[in-house]
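Here are a few short exercises to work through with the model open beside you. Try each task before you read its solution.

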Amino acid sequence: MAPDDVLIRGAKLFDGHGFHTPGCLLVRQGRVAALAERLTPPAGVPVVEARGDTVLPGLIDAHVHVSPGDLQVALRAGVTTEVDMFGDPALTGSLRHQASSDHGLADLRSAGTGATAPGGHPTRLVERGLLAPFPTVAGPGAAEGFVATRVAEGSSFLKVVLEDGTTSGHPCPTLTAGTVRALVDAAHARDLLVVAHVLTQAHALVAVGAGVDGLAHLFLDEPPAPRFLDAVAQRDVFVIPTLTSLAARAGRDRGRALAADRHLGPLLDPRRRAVLEMGFPAASGGRTWVTRCRPSACCTGQDPPARPVQRVDGRHRVAQVGAGARRGREVHLQDGTPARVQQRTQVGIGGQGASSVGACAGSERGERGDDEHVAVRDGVEEP
């Protein structure tokens with residue numbers, strides 16, 4: 001018997017596609033060996049009585065910015081994979097190495113250093129001492145070398161930054177359309193997925209037109225136009241809405257209320273409580289837009305430093321979008337609302353999002369595998 005062997009009995013089962021009546025899930029050597037209404041435990045395998053609980057796939061947070069300690073917090077919140085959208089490659093590389101051998105950490109995939117123009121976002125954070133200096137992209141001719149360096153550093157995908165300060169009140173240079181296209185071409189030639197940071201619809205259209213695979217945010221300057229929705233659908237672009245972050249930018253920050261919540265507040269350490277309570281600078285005229293059309297894939301991501309309370313709020317806000325993909329594996333959020341997550345092998349999370357025979361099994365105790373993860377959560381109810 002392996003240390004990870006266990007039979008979970010009596011829990012409601014969610015396999016990544018739908019709920020099953022309460023039954024049994026058998027884990028052998030860290031993988032799901034059987035799912036059935038009734039199972040007899042093999043000799044020596046411990047039994048966990050989980051009536052009233054729900055077994056579901058580990059959650060994926062598709063937009064974070066990690067710092068030391070965040071992967072432990074993520075796993076305690078039921079998130080078994082973090083996708084970092086811009087970070088110091090030395091830090092993310094170190095954290096990813098730790099996660100590969102420490103079952104108490106969530107898995108990590110990272111863009112490493114994102115592609116931005118000289119003086120562009122987020123270089124102001126370097127000036128304030130919040131980020132280490134990083135290379136930028138001066139034009140299309142610099143794209144090939146920039147992407148090659150990211151690959152050498154171990155980036156899982158490429159992030160390009162299109163922001164001119166329109167929504168933040170801090171004007172700054174941004175990448176040209178030609179530079180974005182050169183970056184996309186260089187990344188795709190190396191089989192890397194490309195996501196774009198955009199906060200305006202105009203920049204979203206530039207990114208989609210350049211061939212990016214996904215948007216790391218929705219925009220907040222105007223409602224999605226038919227032209228944008230058609231382009232996203234035709235090009236099969238996925239979207240990570242980060243509605244919690246955008247709502248804060250629009251002056252609807254719930255951080256203080258969440259920090260004071262009698263259920264969630266006691267779970268916060270001082271640093272994360274301070275992050276929630278510090279507020280967020282609202283964008284002039286910013287609004288969050290919710291569309292109920294189904295243009296493409298919708299991934300769950302909140303764009304915070306790792307804030308499990310914000311994640312819980314963000315997942316339920318993402319549920320408002322109701323977007324679905326024409327391809328990819330369906331993943332249901334904690335409240336049972338469906339959202340599609342692309343099977344993107346370039347990011348290294350292609351097999352996750354299902355509780356099926358052969359999937360890697362994990363739990364909030366910290367077990368995790370390389371592909372699909374399964375977590376046990378309390379109080380998850382069928383829609």
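Helices here are DSSP runs of H or I with at least four residues, and strands are runs of E with at least two. In this predicted model, the chain comes to 11 helices and 15 strands on that basis.

**Exercise 1.** Find what percentage of the chain's residues are buried.

*Solution.* Buried means under 20% relative accessible area. Of the 383 residues in the chain, 54% are buried. For the surface, the chain exposes about 16100 Å², with 52% supplied by carbon and sulfur atoms.

**Exercise 2.** Describe the surroundings of Thr123: is it buried or exposed?

*Solution.* Begin with the place: Thr123 belongs to helix α3, residues 123-127. Next, take its relative accessible area, 14%; because this is under 20%, Thr123 is buried. Then follow the side chain of Thr123, which reaches the backbone oxygen of Gly120 at 2.6 Å. Lastly, leaving out residues up to four places away in sequence, Thr123 touches Phe134 and Thr136.

**Exercise 3.** Look at the backbone from His121 to Pro122: is the peptide bond cis or trans?

*Solution.* Most peptide bonds are trans. The bond from His121 to Pro122 has omega near 5° and is cis. Pro122 sits in the loop between β8 (107-110) and α3.

**Exercise 4.** Work out which of the terms buried and exposed applies to Asp191 and which to Asp236.

*Solution.* Asp191, in the loop between α5 and β10, has a positive phi near 65°. Its relative accessible area is 53%, so Asp191 is exposed. Asp236, in the loop between α7 and β12, has a positive phi near 60°. At 11% relative accessibility, Asp236 is buried.

Technical notes:
Residues are numbered from 1 along each chain as its sequence is written. This is a predicted model: local features need pLDDT of at least 70, side-chain atom pairs count only at pLDDT 80 or more; totals for chains, interfaces and linings use all residues. Side-chain values use heavy atoms; hydrogens and water are left out. Buried means under 20% relative accessible area, exposed over 50%, partly exposed in between (1.4 Å probe, protein chains only). A polar contact is a pair of N or O atoms within 3.5 Å; within protein, one must be able to donate a hydrogen and the other to accept it, and residues adjacent in sequence count only if both atoms are side-chain atoms. Contact means heavy atoms within 4.5 Å. Accessible areas come from the Shrake-Rupley method with a 1.4 Å probe; for residues, only the protein chains shown count as cover.
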